[in-house]
Amino acid sequence: MSNLDTFVLTEGSRFLDELKAFLRIPSVSTDPTHAGDCRRAAEWVRDQLKHLGCPKVELLASETHPIVWAEGPEVPGKPTVLIYGHYDVQPPDPLNEWVSPPFEPVVRDGNLYARGATDDKGQVFAAIKAFESVNRGGRPPVNVRFLIEGQEESGSTALFQFLSREPQRTVADAVLVSDTAYYAPKWPSVETGLRGLCYAEITVRTSKTDLHSGLYGGVAPNAHDALVQLLSRLKSPDGKINIPGLYSAVRPPSQAEREGWKKLPFNERKFLREEVQAKALTGLKKFSIFERTWALPTFEIHGIMGGFTGEGAKTVIPAAATAKVSLRLVPNQKEKAVQKQLIRAVKALAPKFADVSVRFLHGADPVIVDITAKPFQLIDRAFKEVEGRGVVPTRSGGSIPVVPALGQKGAPVILAGVGLPDDRLHAPNEKIAVDQFYKGIRVFGRFLQFMGQ
Ligand code: BES
Ligand code: MN
Ligand code: MN
């Protein structure tokens with residue numbers, strides 16, 4: 001057993017206790033009432049990194065949720081690894097579906113349950129503990145930089161400003177991002193692509209005020225009517241999105257990529273029954289599940305607001321209605337271009353008796369990652385050693401807004417998470433398998449050591 005493995009074994013229960021303390025901070029970045037908690041989480045991470053012997057530790061952009069920046073001890077002549085992650089989490093609701101409260105982490109059956117357990121506190125903390133585990137005696141194998149933000153779940157605004165203000169800071173030989181998942185248990189993967197996102201609120205107004213549905217029903221326009229007509233026109237029942245120009249930038253996956261996906265173990269019925277837990281799969285039937293979730297855009301309705309939804313009955317014709325919607329984007333679509341296309345389509349498809357407006361909340365560009373650079377071989381070796389299997393290249397349907405910008409600095413961006421597909425991120429009863437947390441520490445530790453050899 002290596003020194004690293006022994007250290008993780010003997011210190012493991014302390015690591016887990018520390019992670020629980022981190023998870024107790026309800027750092028929900030999209031909810032302004034949790035701004036103080038986001039700051040506390042940033043300070044907690046800063047204090048960790050200071051305590052672990054980083055000579056330079058600071059909070060940036062501290063007028064919003066601060067970005068934690070830290071530099072490990074200088075190791076002359078060795079490469080630099082930038083570790084990116086986020087301490088902010090998604091809102092925990094619906095609260096009554098949690099078996100144990102979201103911000104009171106507990107272990108059940110080998111899993112640690114809490115909001116943020118896998119996305120991303122548990123995973124970024126594994127990278128921090130990897131640094132601790134290879135930095136014994138204050139001599140890490142490589143130069144390590146930490147960039148841990150608090151707005152990933154809300155669009156990374158402050159981080160984008162920081163990157164354009166100080167592009168030099170994030171220059172590195174490799175960027176390690178632990179914010180994704182294995183393809184399947186015992187199947188570590190490195191993502192070769194992420195989807196982007198374009199999130200919007202569509203509002204329709206059909207009259208100045210609400211109206212009595214008896215006196216005016218039959219003649220007055222109804223805002224919900226207008227909204228559902230519009231929404232139903234934006235996507236056909238077969239899954240095709242009716243936004244002119246939307247598909248023209250879509251770059252199909254390469255032949256090699258498609259062949260690789262065919263070799264992945266996948267059982268559609270099991271996927272439907274155990275993961276989706278629904279009656280049937282939807283979408284463009286002539287494309288495979290991988291293509292539909294990794295390489296094609298989507299249009300989803302997240303919620304519809306307006307009208308009367310309280311207890312009992314109220315006979316009213318609503319004057320306004322709003323839908324929260326989003327599109328997932330794929331290479332080579334651009335968020336900005338899709339925003340324009342969506343506005344145009346909404347204007348064209350809304351019933352003429354309605355006024356429509358579109359407000360964009362946040363988003364991300366999609367990204368393709370070329371995984372041929374040497375550091376990818378090193379992470380593969382690290383997984384082989386710890387997991388007994390190297391990485392499989394996959395894509396993911398999720399988004400990490402800053403990844404395209406990190407990649408542009410020339411360093412390979414390694415998307416190598418240790419989550420599992422059933423971690424329920426963003427949903428009730430989010431968890432991380434304790435074993436995956438420990439494996440993550442060992443894999444990232446080995447990776448840092450290999451980078452230094
Ligand atoms: N870590 C996730 C994204 C992810 C999860 C990528 C699993 C690949 C595999 C990230 O925290 C996330 O949830 N991102 C948001 C984007 C944001 C702009 C709200 C998303 O994808 O919805
Ligand atoms: Mn995440
Ligand atoms: Mn997330």
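This is a short talk about the metal site, the salt bridges, one small sheet and one surface patch of the structure above.

Hi everyone, and thanks for coming. One thing to keep in mind from the start: this is a predicted model.

Let's begin with the metals. Which residues hold the manganese ion, ligand 2? From the protein, the ion is coordinated by His86 through NE2, by Asp119 through an OD atom, and by Asp179 through OD, which is listed twice, at 2.0 to 2.4 Å. If you scan the sequence for these donor residues, you will find them spaced as H-x32-D-x59-D. The site of this manganese ion has 6 donor atoms, and the angles among them run from 57 to 164°, which makes the site irregular.

This ion has a partner, too. The manganese ion (ligand 2) lies 3.6 Å from the manganese ion (ligand 3), and Asp119 coordinates both. Asp119 and Asp179 come from distant parts of the chain, 60 residues apart. You can find Asp119 in the loop between β5 (111-113) and α3 (121-134), and Asp179 in the loop between β7 (174-177) and β8 (189-194). Are these two aspartates buried or exposed? Both Asp119 and Asp179 are buried.

Now for the salt bridges. Side chains of opposite charge can pair when their charged atoms come close. How many salt bridges does a search of the whole structure find? The search finds 26. I have picked a few for you.

My first pick is Asp5 with Arg442, where the closest N and O atoms are 3.1 Å apart. This pair links distant parts of the chain, with the two positions 437 residues apart: Asp5 sits in helix α1 (residues 3-23), and Arg442 sits in helix α12 (residues 434-452). Asp5 counts as buried because its relative accessible area is 18%, while Arg442, at 23%, is partly exposed.

Another one joins Arg145 and Glu74, at 3.8 Å from N to O. This pair is also a link between distant parts of the chain, 71 residues apart, with Arg145 in strand β6 (residues 143-149) and Glu74 in the loop between β2 (67-71) and β3 (80-86). Arg145 is buried, with a relative accessible area of 13%, whereas Glu74 is exposed, at 55%.

For a more local example, look at Lys384 and Asp380, whose side chains meet at 2.9 Å, N to O. Why are they about one helical turn apart? Because they are 4 residues apart in helix α10 (residues 374-387). Lys384 is partly exposed, at 47% relative accessibility, and Asp380 is buried, at 17%.

Salt bridges can be joined up as well: Glu11, Arg14, Glu18, Lys129 and Glu132 are linked in a network.

Next, a little sheet. This open sheet has 3 strands, in the order β15-β8-β16, with mixed pairing. Its edge strands are β15 (367-368) and β16 (392-396), and each of them pairs on one side only. β8 and β15 run antiparallel and are joined by 2 bridges. If you want a spot to look at, Gly193 stands opposite Ile368 in β15.

Last stop, the surface. Leu215, Tyr216 and Val219 form a nonpolar patch there, with about 360 Å² of accessible area together. Leu215 lies in the loop between β10 (211-212) and α5 (223-234), and with a relative accessible area of 64% it is exposed.

That's my tour, and I'm happy to take questions!

Definitions and conventions. Residues are numbered from 1 along each chain as its sequence is written. Chains are lettered from A and ligands numbered from 1 in the order in which they are written. This is a predicted model: local features need pLDDT of at least 70, side-chain atom pairs count only at pLDDT 80 or more; totals for chains, interfaces and linings use all residues. Side-chain values use heavy atoms; hydrogens and water are left out. Patches are made of residues with over 30% relative accessible area and no salt bridge: like charges are joined within 9 Å, nonpolar side chains (Val, Leu, Ile, Met, Phe, Trp, Tyr) within 5 Å. Accessible areas come from the Shrake-Rupley method with a 1.4 Å probe; for residues, only the protein chains shown count as cover. A salt bridge is a side-chain nitrogen of Lys or Arg within 4 Å of a carboxyl oxygen of Asp or Glu. Buried means under 20% relative accessible area, exposed over 50%, partly exposed in between (1.4 Å probe, protein chains only). Donors are N, O and S atoms within 2.8 Å of the metal (3.2 Å for Na, K and Ca); water is not among the atoms, so sites may look incomplete. Four donors count as tetrahedral if all angles lie between 85 and 135 degrees; four count as square planar and six as octahedral if opposite donors are over 155 degrees apart and all others between 65 and 115; anything else is irregular. Two strands pair if DSSP finds at least two bridges between them.
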